[in-house]
Amino acid sequence: MPATVLEAQLVQLSAFAKALPPGIFVSSADVLLEYGDAPLSYDADIYEAMERGITALGHPSPLIIGSQHGVFCCDAKEVEMRMEAMRAGNDQTSLRPLMSHRCLQKPGIEAMREAGAVLLGYETESDEWVLTDSAFHIGVEACEALIALAKTKGDVLAECEVDAYGDFMQPLGRKADTSYLDRVDHLASVTSSTNLDGSERLRLARRAVAEVMHGRPLVVIPLLTSRFIHLGTIPEFLYHTTMDEKCLRLLPAPNFPVKMASYIHSSVETPPFTTIMLSSIEQGTCIGQGSCLVKCAVQEGATIGERCALYDVDIYNGAKVPPGTFMHTLPLTGGKYVTIILHVDDVMKSKTSSTVCGVLVEDAVKILRKHNALPSGGAWGVEQSHTTTLATIYRVANERYAAEQYALWMASILRNEKQEEYACPFDSSSYLSIAQALRLHANHTEMLNRQNDLHEKIITQTLYAVLDASLPADEWSNLAERRHLLEIRKRCEDSFLNETSVCSELEKMIPIIEKRMYSTLLLRARVALSLRLPHAAAIAQTFLRTIITELSLSKFPQPNKCGSQFKQVIVKYPARLNFAGGWTDTPPYCLENRGCVLHVPCLVDGEMPILARASFPQDPGDKPVIRLAVRDPITGNISTEDVNTMSDLLTYNEPSSPFALHKAVWAFFLSSISALDASAFNLELYIMHRFGGHQYFDGCIELYSSVDLPTGSGLGTSSILAFAMLHSLLELLYGEPWNWSDDRSRLACHVVRIPDTKPDTKGPIASIKVDWMANAVLAIEQLMTTGGGWQDQVGGALVGMRLSSSSPGCNRFQSEIRDEALPSYAYHVLSFTDDEKVLFNHRIVCVFTGTCRLAKGVCDSVVATWQRREVGVASALSNSATIATKVYDALSKDHGNQGLEARLAEVGVLLEMHKHVQRELWPSIESPSVTAIYDALRPFCEGTFICGAGSGGHVVGILRPHVAKTSPDVAQ
């Protein structure tokens with residue numbers, strides 16, 4: 001797609017060039033053209049005329065436009081024939097070239113009438129119009145004549161600037177008027193210092209060109225259905241870019257007011273007739289009607305007056321740009337900057353009446369000197385015309401900000417009628433004119449670099465705006481910012497990027513904000529998933545794993561060398577039942593929002609079903625560095641695996657392996673695991689170094705587990721087992737008990753220590769909080785790639801039926817405190833009498849569905865829907881947490897004599913509501929077997945629900961009063 005007006009013309013005009021004879025095609029970068037088909041061929045006599053002279057495109061224009069451009073004088077009858085053909089839809093006839101007998105340059109309206117250039121009846125029967133110029137073609141013979149002129153009269157042409165339109169086309173045609181040759185006061189040409197004055201040099205140069213071109217044919221191709229838009233003056237530019245709807249509708253994405261490829265804060269109102277292109281507009285900005293901003297960065301609280309034209313400018317916090325201001329900042333070679341400032345109606349090239357900021361330029365120089373803002377020397381060179389474009393009045397600064405500040409100060413001085421006397425507050429050692437800045441010193445590479453940087457900034461701001469709105473990913477394609485979002489995806493897809501490269505692109509678009517590193521990683525994950533970038537799922541999981549493991553490892557202490565009190569530590573924990581609030585405990589939701597779960601630890605057949613044992617094996621013979629062991633809950637057989645190298649240990653990310661959890665626990669426990677080079681790391685030496693001082697250590701550490709529940713039961717076994725493993729390792733390797741408790745709760749475990757000795761001192765293990773352990777399990781499950789929340793380990797590790805809640809730590813609007821970025825937990829324990837506990841136990845029934853499932857698939861699905869903010873997921877999660885609180889409140893109520901009976905009836909209704917919310921989060925939560933059990937239990941239960949991730953595992957119900965668990969109907 002063309003990036004500039006000139007590039008658009010190169011594409012657009014190529015059709016003309018194909019049919020024209022050899023020569024040079026000339027156009028201007030300040031012209032927009034709109035027209036239909038181009039002629040495909042020309043008659044031989046026309047083609048011969050094109051070779052000898054100039055062929056120009058002719059456009060129908062109002063007389064006021066003609067007064068500012070070249071106007072062609074053609075035979076009125078010939079033009080009328082072309083008009084009739086155009087109205088009849090005969091393009092071949094309407095496009096037939098005309099022979100112009102004269103070209104007028106910026107004529108007055110009366111001059112157009114006198115020359116016979118004015119035509120009647122374009123849009124109405126009586127409207128007046130003229131054919132005006134735009135692009136033109138110099139035929140091969142005319143080109144050869146001009147080249148010969150440059151060789152023979154090079155001294156005459158040297159350093160003289162002639163008009164490519166006026167000086168080339170006015171001598172053409174059979175009725176050419178050469179009286180223009182003696183008029184040079186309207187031109188500002190740079191001339192060399194010679195004995196002749198500049199005006200005489202210019203006259204000689206123009207006459208030399210006229211002699212070569214005089215009498216040559218001037219062919220006009222009448223584009224009668226075209227439109228010619230000239231942007232060469234600031235008033236024209238403002239009119240066409242803010243008020244001319246026909247022009248604006250040519251843009252790729254026309255809307256009014258025009259906002260293209262820009263970020264505009266939602267608080268900013270864009271008034272009618274305003275155009276903003278490739279710009280960043282921050283909150284609190286006020287923009288006046290009729291203004292055009294291109295490639296600008298406007299910071300908070302800035303004010304831009306009406307009818308301003310700003311290009312490549314930074315407007316800083318609180319700055320005020322007066323109405324009618326033109327500003328353009330140029331980077332210069334040498335790393336410096338200059339800002340050109342004018343009034344939009346200034347005259348810039350007149351020798352006698354040029355103005356700057358509304359003041360005659362010669363008066364402006366005096367005013368600036370009065371304030372010590374200009375040196376005492378001349379503002380113009382010898383023989384230079386005293387025009388605004390040539391006046392060296394613009395200060396060069398080391399920083400963009402300083403150049404723009406000076407420009408605004410300069411404008412305020414020139415517009416101040418009282419002209420109070422105070423010295424310029426800026427260092428004013430170097431100055432440039434507009435001509436010098438544009439022609440000699442502009443750093444075009446830096447201009448492009450800034451444009452690219454601004455583009456990246458706009459993309460970043462757009463992403464943040466979309467992310468802050470929490471819009472579902474499916475709605476992103478309907479946004480006004482769609483162009484930026486699609487560009488991000490295309491950038492990643494076109495390059496066939498690998499995962500690392502896509503992460504690098506995300507880093508550019510969403511840079512780390514100071515003290516907000518982890519919330520930034522979560523945003524990158526959302527963008528990758530929402531835009532469906534290559535490797536999006538893997539990238540999102542990597543970011544989440546990074547956050548949780550880094551933060552957990554930073555909190556978790558490691559034991560130093562010390563003598564151990566124990567040969568082995570056996571830890572047993574209950575399972576858990578969750579009643580409501582599931583998935584609000586799962587990262588990244590719980591990192592960004594409050595999580596809330598009602599759960600309770602539970603025994604199976606009166607026993608704690610989850611056991612972990614850490615020990616120093618004392619058996620003789622060769623032993624591995626680490627021995628992993630697991631007991632099969634069905635056969636009772638014990639399987640083992642020896643780990644001797646780091647490579648053996650780093651296969652923890654294979655969840656289907658029976659020892660994946662053991663390895664992940666060890667990997668986490670050994671800390672800094674991601675930084676270890678598996679090929680060079682000696683596990684045996686590391687273990688010996690860290691734990692060799694323990695009195696029972698004999699070169700091997702064994703980690704054993706036994707769970708008397710099916711794998712994938714939905715009762716939190718894997719998470720609670722990870723918690724138990726960590727607990728047993730901590731006590732074994734620290735050599736002291738971990739008996740955490742506080743005023744909120746205490747551990748629900750049973751621990752056997754062999755030998756059962758009591759340490760003399762209270763060591764570092766006492767500082768380990770249950771919050772750290774719960775978050776350590778989050779990290780372990782991330783290492784395994786299964787994911788998971790905190791409800792299992794928190795629910796099974798602590799006594800009592802509780803409403804557990806977590807506070808988020810990753811919020812991009814607040815500075816992250818590293819120690820608080822992971823969830824912190826609060827517990828509200830329900831207080832039951834002994835009789836109520838018995839009643840509650842009798843009223844709960846737990847039914848195995850016969851289906852075991854790995855929670856990873858379910859977890860990945862729900863996590864991804866949250867990260868993409870899919871429709872309904874935010875409200876469903878919020879409702880889930882609300883229902884958990886309502887269940888807690890219902891169980892806490894005092895129902896008088898009815899007591900717990902009435903409370904359980906209310907809880908049953910809430911659980912049915914919660915079941916509906918869970919379906920919204922994950923429709924597949926209910927497998928056919930789960931649905932069948934729901935149906936079977938419905939006559940006997942107040943309410944039912946699925947434990948854990950769903951789609952299998954266990955269904956729990958609250959039995960109606962007087963229904964016994966052992967009744968034949970319930971058993972069936």
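This is a short talk on the fold, the cavities and a few local features of one predicted chain.

I will start with the chain as a whole. The chain is 972 residues long, and buried residues make up 54% of them. In secondary structure, the chain has 33 helices and 41 strands. If you take the contacts with a separation of 6 or more, 69% of them are between residues 24 or more positions apart.

Now to the inside. How many cavities of 30 Å³ or more does a search of the whole structure find? The search finds two.

The largest cavity has a volume of about 70 Å³. Its lining consists of Asn578, Phe579, His914, Lys915, Gln918, Ile925, Glu926, Tyr934, Phe945 and Ile946. Three elements each supply at least two of these residues: strand S30, at 575-580, helix H31, at 900-921, and strand S40, at 941-946. H31 gives the largest share, with three residues. By class, the lining has five nonpolar, three polar and two charged residues.

The second largest cavity has a volume of about 60 Å³. Around this one you will find Trp583, Thr586, Pro587, Pro588, Tyr589, Val862, Val863, Trp866 and Leu877. Here the largest share comes from helix H29, residues 855-867, again with three residues. The class count is eight nonpolar, one polar and no charged residues.

Two of those lining residues, Pro587 and Pro588, deserve another look. A cis peptide bond joins Pro587 to Pro588, with omega at about 5°. Pro588 sits in the loop between S30 and helix H21, which covers 589-592. So that you can find it on the screen, S30 is the strand that also supplies residues to the lining of the largest cavity.

There is another cis peptide bond to show, and this one joins Ile754 and Pro755. Its omega is about -10°. Pro755 lies in the loop that runs between strand S36, at 750-754, and helix H26.

That brings me to H26 itself, and to the helix it meets. H26 covers residues 770-783, and its axis comes within 8 Å of the axis of helix H20, residues 536-555. The two axes cross at roughly 145°. Is the crossing left-handed or right-handed? H20 passes H26 in a left-handed crossing. On the H20 side, the residues in the contact are Gln541, Leu544, Arg545, Ile548, Thr549, Ser552 and Lys555. On the H26 side, they are Trp772, Asn775, Ala776, Leu778, Ala779, Gln782 and Leu783. Together, the residues of this contact divide into seven nonpolar, five polar and two charged. As background for reading such lists, an α-helix has 3.6 residues a turn, so residues three or four places apart point the same way.

Next, the backbone just before H20. His535 is in the loop between helix H19, at 517-530, and H20. Its phi is near 65°, a positive value in a residue other than glycine. Is His535 buried or exposed? Neither label fits, because its relative accessible area is 37%, and that counts as partly exposed.

Arg869 also has a positive phi, about 50°, although it is not a glycine. Arg869 is in the loop between H29 and helix H30, which covers 873-892. H29 came up earlier, as the helix with the largest share of the lining of the second largest cavity. With a relative accessible area of 6%, Arg869 is buried, because the cut-off for buried is under 20%.

Two more items on burial. The first is helix H23, residues 660-669. Why is H23 described as largely enclosed by the rest of the structure? Because 10 of its 10 residues are buried. They are Ala660, Leu661, His662, Lys663, Ala664, Val665, Trp666, Ala667, Phe668 and Phe669.

The other item is Leu733, which lies in helix H25, residues 717-734. Leu733 counts as buried because its relative accessibility is 0%. Leu733 and Gln565 are 168 residues apart in sequence. In space, their C-alpha atoms are 8.8 Å apart.

To close, the places to look at again on the model are the two cavities, the crossing of H20 and H26, and the buried helix H23.

How values were computed:
Residues are numbered from 1 along each chain as its sequence is written. This is a predicted model: local features need pLDDT of at least 70, side-chain atom pairs count only at pLDDT 80 or more; totals for chains, interfaces and linings use all residues. Side-chain values use heavy atoms; hydrogens and water are left out. On a 1 Å grid over the protein atoms alone, a cavity is a set of points where a 1.4 Å probe fits but cannot get out, and a pocket is an open set with protein on both sides within 12 Å along at least five of seven lines; lining residues have an atom within 4 Å of a point. Grid points are joined across faces, edges and corners, and a volume is the space filled by probe spheres set on the points. Helices (H or I, at least four residues) and strands (E, at least two) are DSSP runs, numbered from the N terminus. Ala, Val, Leu, Ile, Met, Phe, Trp, Tyr, Cys and Pro count as nonpolar, Asp, Glu, Lys and Arg as charged, and the others, Gly among them, as polar. Axes are lines fitted to C-alpha atoms, for helices over the stretch in contact, and angles run from 0 to 180 degrees between N-to-C directions. A crossing is left-handed if the near helix is turned anticlockwise from the far one by less than a right angle, and right-handed if clockwise. Contact means heavy atoms within 4.5 Å. Buried means under 20% relative accessible area, exposed over 50%, partly exposed in between (1.4 Å probe, protein chains only).
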